[in-house]
Amino acid sequence: MLEAPQILKLSRAVPPSRLLATSCTAAVYDIAFPKNTDDLFVTAGGGGIRVWCLSTQQELLRHSLPGLVALACAITHDRSTIVVGWDDGRLSGVGAESGQQLWCVKEAHQGPLTALVTLAPPHFVTGGQDGK
(Lines give C-alpha, C1' and ligand atoms only; values in the text may rest on other atoms or scores of the structure.)
Protein backbone atom coordinates (compact mmCIF):
# COMPACT_ATOMS: atom_id res chain seq x y z
CA MET A 1 0.00 0.00 0.00
CA LEU A 2 1.37 3.41 -0.95
CA GLU A 3 1.74 6.18 1.58
CA ALA A 4 0.48 9.50 0.24
CA PRO A 5 1.89 11.67 -1.09
CA GLN A 6 4.54 9.92 -3.13
CA ILE A 7 5.61 10.39 -6.72
CA LEU A 8 6.46 7.14 -8.48
CA LYS A 9 7.78 6.43 -11.95
CA LEU A 10 5.90 3.42 -13.27
CA SER A 11 7.33 1.11 -15.89
CA ARG A 12 7.03 -2.43 -17.18
CA ALA A 13 10.62 -3.19 -16.27
CA VAL A 14 11.68 -4.94 -13.06
CA PRO A 15 11.28 -3.39 -10.55
CA PRO A 16 8.02 -2.01 -11.92
CA SER A 17 8.20 1.34 -10.17
CA ARG A 18 10.75 3.74 -8.70
CA LEU A 19 10.13 6.24 -5.92
CA LEU A 20 10.95 9.73 -7.21
CA ALA A 21 9.87 11.89 -4.28
CA THR A 22 7.96 12.05 -1.01
CA SER A 23 6.55 15.00 0.87
CA CYS A 24 5.08 15.78 4.26
CA THR A 25 1.58 14.41 4.76
CA ALA A 26 0.36 17.12 7.15
CA ALA A 27 1.20 20.65 8.29
CA VAL A 28 4.86 21.50 8.95
CA TYR A 29 5.32 23.37 12.25
CA ASP A 30 9.10 23.76 12.42
CA ILE A 31 12.23 23.47 10.30
CA ALA A 32 15.80 23.12 11.60
CA PHE A 33 19.14 23.22 9.78
CA PRO A 34 22.24 21.56 11.29
CA LYS A 35 25.03 23.96 12.19
CA ASN A 36 27.62 24.40 9.40
CA THR A 37 25.56 22.32 6.96
CA ASP A 38 23.49 23.76 4.16
CA ASP A 39 22.51 20.51 2.43
CA LEU A 40 20.28 18.94 5.12
CA PHE A 41 17.25 20.06 7.09
CA VAL A 42 14.67 18.57 9.45
CA THR A 43 10.93 19.19 9.44
CA ALA A 44 8.50 18.65 12.33
CA GLY A 45 4.82 18.10 11.69
CA GLY A 46 1.83 15.78 11.76
CA GLY A 47 3.83 12.88 10.36
CA GLY A 48 6.61 13.24 12.96
CA ILE A 49 10.05 14.40 11.89
CA ARG A 50 11.74 13.95 8.55
CA VAL A 51 15.32 14.59 7.46
CA TRP A 52 15.68 15.92 3.93
CA CYS A 53 18.64 16.36 1.56
CA LEU A 54 18.47 19.54 -0.51
CA SER A 55 20.87 18.42 -3.26
CA THR A 56 18.97 15.21 -4.04
CA GLN A 57 15.55 16.50 -2.94
CA GLN A 58 15.00 13.20 -1.13
CA GLU A 59 13.76 12.21 2.29
CA LEU A 60 16.59 10.48 4.18
CA LEU A 61 14.99 9.58 7.50
CA ARG A 62 11.60 9.53 9.20
CA HIS A 63 10.57 9.15 12.86
CA SER A 64 7.06 9.34 14.28
CA LEU A 65 5.12 8.46 17.41
CA PRO A 66 1.61 7.07 16.80
CA GLY A 67 -1.10 9.64 17.44
CA LEU A 68 1.34 12.48 18.18
CA VAL A 69 2.32 15.63 16.28
CA ALA A 70 5.89 16.94 16.28
CA LEU A 71 5.65 20.70 16.90
CA ALA A 72 9.30 21.70 17.30
CA CYS A 73 12.70 20.35 16.28
CA ALA A 74 16.36 21.22 16.74
CA ILE A 75 19.67 19.52 16.04
CA THR A 76 22.46 19.20 18.59
CA HIS A 77 25.70 21.01 17.80
CA ASP A 78 27.52 17.74 17.09
CA ARG A 79 24.68 16.74 14.71
CA SER A 80 24.20 13.37 16.44
CA THR A 81 20.72 13.96 17.85
CA ILE A 82 17.49 15.55 16.64
CA VAL A 83 15.58 16.97 19.61
CA VAL A 84 11.80 16.94 19.17
CA GLY A 85 8.94 18.66 21.01
CA TRP A 86 5.59 16.85 20.79
CA ASP A 87 1.98 17.93 21.17
CA ASP A 88 1.56 15.88 24.38
CA GLY A 89 4.36 17.84 26.12
CA ARG A 90 7.14 15.29 25.75
CA LEU A 91 10.69 16.08 24.66
CA SER A 92 12.64 13.35 22.92
CA GLY A 93 16.01 12.77 21.33
CA VAL A 94 16.23 10.84 18.06
CA GLY A 95 19.43 9.47 16.54
CA ALA A 96 20.22 11.61 13.50
CA GLU A 97 21.46 8.62 11.51
CA SER A 98 19.48 5.74 13.01
CA GLY A 99 16.07 7.41 13.45
CA GLN A 100 15.71 5.55 16.75
CA GLN A 101 14.49 7.27 19.91
CA LEU A 102 17.49 7.72 22.24
CA TRP A 103 15.73 9.26 25.25
CA CYS A 104 12.42 10.80 26.26
CA VAL A 105 11.17 13.22 28.94
CA LYS A 106 7.45 12.39 28.98
CA GLU A 107 6.19 15.42 30.90
CA ALA A 108 8.62 18.15 29.90
CA HIS A 109 5.56 20.43 29.63
CA GLN A 110 1.97 20.02 30.83
CA GLY A 111 0.65 20.96 27.39
CA PRO A 112 2.12 20.96 23.88
CA LEU A 113 5.86 21.66 23.63
CA THR A 114 5.95 24.32 20.93
CA ALA A 115 9.50 25.72 20.88
CA LEU A 116 13.00 24.52 21.56
CA VAL A 117 16.62 25.36 20.92
CA THR A 118 19.80 23.41 21.60
CA LEU A 119 22.65 25.11 23.42
CA ALA A 120 26.12 23.84 24.31
CA PRO A 121 25.73 20.15 25.16
CA PRO A 122 23.80 18.91 27.06
CA HIS A 123 21.53 21.96 27.49
CA PHE A 124 18.20 22.79 25.84
CA VAL A 125 15.68 25.59 26.27
CA THR A 126 12.04 24.65 25.64
CA GLY A 127 8.75 26.51 25.58
CA GLY A 128 5.20 25.32 25.85
CA GLN A 129 1.84 26.45 24.56
CA ASP A 130 1.00 27.58 28.11
CA GLY A 131 3.79 30.17 28.05
CA LYS A 132 6.08 28.28 30.43
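The accessible surface of the chain amounts to about 7,900 Å², and carbon and sulfur atoms account for 56% of that area. These values come from a predicted model. Of the 132 residues in the chain, 37% are buried.

One part of the surface is a nonpolar patch of about 360 Å², to which Val 28, Ile 31, Phe 33 and Leu 54 contribute. Within this group, Phe 33 is placed in the loop between β3 and β4. The loop between β3 (28–32) and β4 (40–45) also holds Asp 38. Asp 38 is exposed, its relative accessible area being 66%. From Asp 38 to Ser 55 the C-alpha to C-alpha distance is 9.5 Å, although the two residues are 17 apart in sequence.

**Fold and contacts**

The chain contains twelve strands and zero helices. Its order along the sequence is accordingly written β-β-β-β-β-β-β-β-β-β-β-β. Where contacts in the chain connect residues at least 6 apart in sequence, 31% of them join residues at least 24 apart.

**Nonpolar cores**

The largest nonpolar core has 15 residues, and the members that touch the most others are Val 42, Ile 49, Ala 70, Ile 82, Val 84 and Trp 86. Two or more residues of this core are supplied by each of β4, β5 (48–53), β7 (70–75) and β8 (81–86). The surroundings of Ala 70 can be described in detail. When residues up to four places away in sequence are not counted, Ala 70 touches Tyr 29, Ala 44, Gly 45, Gly 48, Ile 49, Val 84, Gly 85 and Trp 86. Another core, of six residues, lies apart from the largest one and includes Val 83, Leu 91, Leu 113 and Leu 116.

**Aromatic pairs**

Two aromatic pairs are found in the whole structure. In one of them, Phe 33 and Phe 41 are tilted, with 5.7 Å centre to centre and 35° between the planes. Phe 41 counts as buried because its relative accessibility is 16%, under the 20% cut-off. Its partner Phe 33 is a member of the nonpolar surface patch described above.

The rings of Trp 103 and Phe 124 also form a pair, with centres 5.7 Å apart; the planes stand at 35°, so this pair is tilted. Trp 103 belongs to strand β10 (residues 101–105) and Phe 124 to strand β12 (residues 124–128), so the pair ties together parts 21 residues apart in sequence. Trp 103 counts as partly exposed at 28% relative accessibility, and Phe 124 counts as partly exposed at 30%.

**Salt bridges**

Side chains of opposite charge can pair when their charged atoms come close. The structure holds three salt bridges, which are listed below with their distances.

| Side chains | Distance, N to O |
|---|---|
| Glu 59 and Arg 50 | 2.8 Å |
| Glu 59 and Arg 62 | 2.6 Å |
| Arg 90 and Asp 88 | 2.8 Å |

Glu 59 meets Arg 50 in one salt bridge and Arg 62 in another. Arg 50, Glu 59 and Arg 62 are thus joined in a network of salt bridges. How do the members of this network stand with respect to the surface, buried or partly exposed? Arg 50 is buried, with a relative accessible area of 3%. Glu 59 is buried as well, with a relative accessible area of 18%. Arg 62, by contrast, is partly exposed, with a relative accessible area of 31%.

The salt bridge between Arg 90 and Asp 88 likewise involves a buried residue, since Arg 90 has a relative accessibility of 18%. Asp 88 is partly exposed, and its relative accessible area is 29%.

Methods:
Residues are numbered from 1 along each chain as its sequence is written. This is a predicted model: local features need pLDDT of at least 70, side-chain atom pairs count only at pLDDT 80 or more; totals for chains, interfaces and linings use all residues. Side-chain values use heavy atoms; hydrogens and water are left out. Helices (H or I, at least four residues) and strands (E, at least two) are DSSP runs, numbered from the N terminus. Buried means under 20% relative accessible area, exposed over 50%, partly exposed in between (1.4 Å probe, protein chains only). Contact means heavy atoms within 4.5 Å. Accessible areas come from the Shrake-Rupley method with a 1.4 Å probe; for residues, only the protein chains shown count as cover. Rings of Phe, Tyr and Trp (its six-membered ring) pair if their centres lie within 6.5 Å; planes under 30 degrees apart count as stacked, over 60 as edge-to-face and the rest as tilted. A salt bridge is a side-chain nitrogen of Lys or Arg within 4 Å of a carboxyl oxygen of Asp or Glu. Patches are made of residues with over 30% relative accessible area and no salt bridge: like charges are joined within 9 Å, nonpolar side chains (Val, Leu, Ile, Met, Phe, Trp, Tyr) within 5 Å. A nonpolar core is a set of buried Ala, Val, Leu, Ile, Met, Phe, Trp, Tyr and Cys residues joined through side-chain atoms within 4.5 Å.
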